[in-house]
Amino acid sequence: HGKELAIDSTFELEKKRNVPVKYNRELWQNTIHAMKRIQEIRTRRQNQFIKQRLKAGKKLELKDDEKEVEQHIHLIEPRVTEEEVYNAALNKTKQKLKEKQKLVEVESMDMD
């Protein structure tokens with residue numbers, strides 16, 4: 001099911017070969033280079049594997065955090081009274097009126 005890295009193809013190189021090989025400098029260099037490259041690939045795959053396994057935990061943690069925030073929202077949000085909402089809307093309307101009056105004044109001055 002892909003839960004373990006034991007079936008990774010990068011382990012093929014580590015199998016013992018019982019065949020004697022005559023010393024060849026080029027073969028040694030290629031083997032050492034291949035071993036380094038395989039180690040890089042194995043490390044990258046292991047990191048990716050670990051990240052995939054941790055994704056599920058992060059999702060659950062996020063869900064739990066959201067649930068906790070919903071339960072204790074009263075501690076985060078201040079309660080707003082109807083009067084405060086009305087005053088805020090009134091102030092906003094007054095501000096818009098002032099801006100419109102300024103525009104009208106500027107336009108009337110430009111026409112003169």
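Here is a short tour of the model, stop by stop.

Before you click on anything, remember that this is a predicted model, where local features need pLDDT of at least 70, side-chain atom pairs count only at pLDDT 80 or more, and totals for chains, interfaces and linings use all residues. Residues are numbered from 1 along each chain as its sequence is written, and side-chain values use heavy atoms, with hydrogens and water left out.

**Whole chain, as cartoon.** Select the protein chain and you'll find 3 helices and 0 strands (DSSP runs numbered from the N terminus, helices being H or I of at least four residues and strands E of at least two). From the N terminus, the order is α-α-α. The radius of gyration is 35 Å, well over the 13 Å that the globule rule gives for 112 residues, so the chain is more spread out than a compact globule. That radius is taken over C-alpha atoms, and the rule is 2.2 Å times the number of residues to the power 0.38. Turn the C-alpha trace along its principal axes: it spans about 100 × 50 × 20 Å.

**Colour by pLDDT.** This is the predictor's confidence in each residue, from 0 to 100. The chain averages 84, and 90% of its residues reach 70 or more. Now pick helix H1 (residues 25-71), which has the highest mean of the elements, 91, then helix H2 (residues 73-76), with the lowest, 78.

**Surface on.** Just 5% of the 112 residues count as buried (under 20% relative accessible area, with exposed over 50% and partly exposed in between; 1.4 Å probe, protein chains only).

**Zoom to Tyr23 and Trp28.** What sort of aromatic pair do Tyr23 and Trp28 form? A tilted one, 6.4 Å centre to centre with 40 degrees between the planes. Rings of Phe, Tyr and Trp (its six-membered ring) pair if their centres lie within 6.5 Å; planes under 30 degrees apart count as stacked, over 60 as edge-to-face and the rest as tilted. The structure holds 1 aromatic pair. Tyr23 is exposed, at 60% relative accessible area.
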